[in-house]
Structures are given as structure tokens and as C-alpha cells.
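Here are some exercises to work through with the structure open beside you. Try each task before reading its solution.

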Amino acid sequence: MADDPLSHIPHLPMNPVTGHTLQILKDSYGFHHRNRAQFHGPYRFKVFGDWRVCLPGLAAMDLVLHDRDRIFSSREGWKTLHGIFDGGLALRDFEDHRRHRRIMQSAFRVAALQDYAARMDAAFGAALAGWPRGAPFAFYPRVKALTLRLGNQVLMGLDPDDPRSDGLNRAFTAEVAASMGLIRTPLPLTKMWRGQRSRAQLARQFLELIAQRRTSGGSDFFSQMCRARDEDGQGWTDDEIVDHFNFLLVAAHDTTASGLTSMVAALAQHPDWQQRVIDEVTHLDGQPLTVENLGTMVVTDRVFREAIRLRPPVPFIPRRALRDFSWPGEIVPAGTPPIRVPAGTRVLVCPGIEMMSPEFFAQPDQFDPDRFTPDRAEDRAHPMAWAPFGAGAHKCIGLHFATLQIKAFAVALLRHHRVRLAADTPSGWAHLPIPKPKDGLPIELLPKTG
Ligand code: HEM
């Protein structure tokens, strides 16, 4: 159509009613690979009635995520989180985002991380004691429940048997379900309706906790957030703490569960690498899990990096253009750029696809943690080559926290056991909304000597 401002951007054939939605839901990676093979540049696709423009390549990722010209809104990009996670860090833009992020940063200082590491050690040890030994069980649902519980203990500072935990978990799970629901209006009994009621319930509980923690303190993450101040001494109001904490739980929980599952699947599939991680864990025997000790686990670090290169928890990052731009080229008006994208367009970049590029990663579909050794350093070939935590102003603020958590988990799991796949033919992975094994990843825990 002549009046369609995106008509010069190509797209694959689509269903006249559903657009590309079903193709994407069936196999998002395959869909984007097909587009790249066909168009060798930007393309558009239609999901849930909306056109989006995908900008392939690391230069485009740099443009969108570093956003030096302040064109791309994260808040408008993460539309699916609206109504439930409003006010969270990813749902803020530019100066407002920067102000809030500076305050949150103080809850991620090394001294604070030290305390979280000790809490993780205790929480993982206790939780894993209850997992089956010598009999198959599905890893993913267990680790998802575990990261949720860990959220209560490490992030909120609740005791393991605190009666509030179950209610908080149920409310939080309803919120996540709402953010994925197709009906966005909170009509009675829809997921959005349940999610918004759960948000109100969580807010009440958080507000009670804030009142306690502001007066009696504590070293857990929640207390740190209540006291968090930027360098100018600015902190948050109670309502802002509620918004941030609510979003932080969702940002921390599913991503970590997905990353841990990818790592454990890789360890079970590659016994040689599992042995190297076990050796590292054994080396730490009897030592407290401090940030420094966990920092010595360089092999585990490489294994984790490789696991989330191959299967990143956040493979696609959405934004919305607030102003017209052209790509590649200068901000309009300028020259005769290949594509012109008008303000209001939804834009996507794909770290999950870029990290499979043979340009930067040798045999990119092979599991090869040694690509991260200092002499190979394939991840450093380009500043955006390895970006499972994103880049720019919105780069994951929990990156070090997540890495500590993964290592503390590896210690708890492999201190006395090794893992083995319980299914001969794993069933494959679902990639949306977050990667997870379709069969839950059946594994067995065996004694280390077995
Ligand atoms: C393996 C685990 C994790 C992965 C792969 C991951 C990935 C990401 C990515 C890609 C972004 C950027 C999104 C964007 O640019 O729109 C992000 C943002 C964020 N992450 Fe993580 N994340 C993980 C764990 C965590 C944890 C444990 C926490 C908190 C303790 C956390 C808190 C956040 C927050 C608050 C943001 C928003 C930052 C901002 O907008 O300034 N994440 N994460």
C-alpha cells in the first residue's frame, strides 16, 4: 500500500489473519533465520496485529541498545509488561530511568553481594537436600520453584518457613501469567484481572515489609532497596520500592531458572566439562562461599557463558522508536538511506541470533566453553558479540548477582553429586516467552563416586 510507511521493508509471506504470529510461536529462531537468509538486512513481521521491524547485525544492536540519540523507548518496547510491572526499571526511559537505576545500583555493590552469596549458599543447600537421589525427576520445574523460593529468602530476606512465602509465590506467578495473556484488558476472570489483583495483594505485603525494614534494617536485598540512595542521597518512595521490587522479581526469576537449566543440560550432555566443574567445586571444599571464592570458578563461568550463548534467556530485545530514523544512515533527513522507520514503530534486535554468528564464534552451534579463554576470547572480537545480558543503559543490572547465583548453585549441586540425563532423546526446547525444555529436562542425581 502506498500509504504504508513500512512498505519498502520486505517480509516473508504471511497468513492474512494471523500474520506471522503462528510461525513465530512455533519456532521463533527458525523464523528469524529464514528472514535473514532471504533478505540479508532489515525485515518486518506482523505479530498479534502489529508490524515490527527487525534490525539484524551487531551494528544495529549497537544503534538500538546504546541509543546515543535517544530514539528507542524500552518502556514502550516492553508493552507486554504494562498493567502489571509498571514502574519497573525496564519500563522507564532516559533521564527518569537513569535516576532510578543509579539508586538501584547501590543494592548491587560488592558488600551487598557478599551477604547475598552467603544467603544463597544456605538456601541452595537446604533446598537441594530434598531433591530425589538415584531416581529421575524433571529439573526445570524444580529449579523454577527453587529460584522463586530463593527470591523470598535471598531477595526478600524471609525465613525459609515464613508463612507469607506461598501466598507471595502464588501472587507472583499470577502476575507473570497475566503479562503473557493475550487479553490485555482486565475483564473479570481473565489472566490480566487475576494478575492485577495479585499485584495489589503483593503491593500490600511489600508495603508492610517496607515499614518494617525501614526501621529495623537487615542485610537482605529488600532492606538494601529500602535504604538505597544514589550519590546525592536520593532514595525511593514506598510506592517506587513496590514497583521496582515487583519488576525485579520477574527479571530475576525466570531468566535465572532458564539459564540454570541450560547449564545443567549442557553439563549432563558433556561429562568431560562436568568433571572440570566438579574439580573446581571440590577445590572450594570447606571454604565459605564468598564473592572472592566464587570468583575463582573460571571454568564454571565459561560453561555458563557458553550455555547462555547457545540458549540465552532473553534472545530478543524489543524497543519502540519515538522518532523517525533511518538505517543504515543518519537520523532523517539524510542521504538516501536503505530503510526509513517512522516514529511509533516497534523495533527488535536479536542477541540470541547474533551470538550464533560464525563471523565471531568458531563452529557456533558447538558447545565449546574454551572459546571464552583469554587466548581465544571470541566474545571480545566485537563489543556486542556476546550479549545475553543486553547492552547500553538497560544492560542487566543483576548480571553479577545472576553469575554468583549460578556458581553457588553449581557448588550445591556438584559438591556430592553428578548429573546424568534420564531421557535418551531430549525433547527439544520451547523458546518463547523464555527458553525451557519441553520435557522439563529429566535428570538423575548420582553420587559423585558412582
Ligand atoms: C541468567 C540470568 C539473567 C539474564 C540472562 C538476564 C538478562 C537481561 C537482559 C538481556 C536485560 C536487558 C533487557 C533490555 O535491554 O530491554 C536485563 C535487564 C534487567 N535485569 Fe536481568 N537477566 C538475568 C538475571 C537477572 C537477575 C538475577 C536480576 C536481579 C537480581 C536481574 C534484573 C534485571 C533488571 C532490573 C533489568 C532492567 C535493567 C534496566 O532496564 O536498567 N536480571 N536482564
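**Exercise 1. The three-stranded sheet**

In which sense do S4 and strand S12 (residues 442-447) pair, and over how many bridges? Then place both strands in their sheet.

Solution. This is a predicted model, so every step here reads from predicted coordinates.
- Start with the pair: S4 and S12 run antiparallel and are joined by 2 bridges.
- Look for a residue pair across them: Ala138 is opposite Pro442 in S12.
- Now widen the view: the open sheet has 3 strands, ordered S4-S12-S9, with antiparallel pairing.
- Finally, check the edges: strand S4 (137-138) and strand S9 (417-421) each have a single partner strand, so one side of each has no neighbour in the sheet.

**Exercise 2. The five-stranded sheet**

Work out the order of the open sheet of 5 strands, and say which strands stand at its edges.

Solution.
- The order is S1-S2-S8-S5-S3, and the pairing is mixed.
- Strand S1 (43-47) and strand S3 (72-73) are the edge strands; each has a single partner, so one side of each is left without a neighbour in the sheet.
- As a reminder, strands of a sheet pair through backbone hydrogen bonds, in either a parallel or an antiparallel sense.
- Take the parallel case: strand S2 (residues 50-54) pairs with S8 in this sense over 3 bridges, and Cys54 has Leu348 in S8 as its bridge partner.
- On to S5 and S8: they pair in the antiparallel sense over 4 bridges, with Pro318 opposite Leu348 in S8.
- End with S3 and S5, which run antiparallel and are joined by 2 bridges; here Ser73 has Arg320 in S5 as its bridge partner.

**Exercise 3. The faces of a strand**

Decide whether the two faces of strand S8 (residues 346-349) are covered.

Solution.
- Sort the residues by side: Arg346 and Leu348 lie on one side, Val347 and Val349 on the other.
- Apply the cut-off for buried, under 20% relative accessible area.
- All four named residues are buried, and both faces of S8 are covered.

**Exercise 4. The shell around the ligand**

Describe the residues around the ligand, the elements that supply them and the polar contacts they make.

Solution.
- Begin with the list: 27 residues surround the ligand, and Trp78, His97, Arg319, His394 and Cys396 come nearest.
- Sort by class: 19 are nonpolar, 6 polar and 2 charged.
- Trace the elements: helix H5 (94-105), helix H11 (238-269), strand S5 (317-321) and H16 each supply at least two residues, and H11 gives the most, with 6.
- Now the contacts to ligand oxygen atoms. An N or O atom in the side chain of His394 is 2.6 Å from one, a polar side-chain atom of Arg101 is 2.8 Å from one, and a polar backbone atom of Ala90 is 3.4 Å from one.

**Exercise 5. The iron and the helix that follows**

Which protein atom is the donor to the iron atom of the ligand, and where is its residue found?

Solution.
- The iron has a single donor from the protein, the SG atom of Cys396, at 2.3 Å.
- Cys396 is in the loop between helix H15 (351-354) and H16.
- Follow the chain into helix H16 (residues 399-414): its 16 residues reach 22 Å from first to last C-alpha, close to the 22 Å expected at 1.5 Å a residue.
- As for its surroundings, 15 of the 16 residues of H16 are buried, so the helix is largely enclosed by the rest of the structure.

Methods:
Residues are numbered from 1 along each chain as its sequence is written. This is a predicted model: local features need pLDDT of at least 70, side-chain atom pairs count only at pLDDT 80 or more; totals for chains, interfaces and linings use all residues. Side-chain values use heavy atoms; hydrogens and water are left out. The expected span of a helix is 1.5 Å times one less than its number of residues. Buried means under 20% relative accessible area, exposed over 50%, partly exposed in between (1.4 Å probe, protein chains only). A residue is near a molecule or strand if one of its heavy atoms lies within 4 Å of it. A polar contact is a pair of N or O atoms within 3.5 Å; within protein, one must be able to donate a hydrogen and the other to accept it, and residues adjacent in sequence count only if both atoms are side-chain atoms. Ala, Val, Leu, Ile, Met, Phe, Trp, Tyr, Cys and Pro count as nonpolar, Asp, Glu, Lys and Arg as charged, and the others, Gly among them, as polar. Donors are N, O and S atoms within 2.8 Å of the metal (3.2 Å for Na, K and Ca); water is not among the atoms, so sites may look incomplete. Two strands pair if DSSP finds at least two bridges between them.
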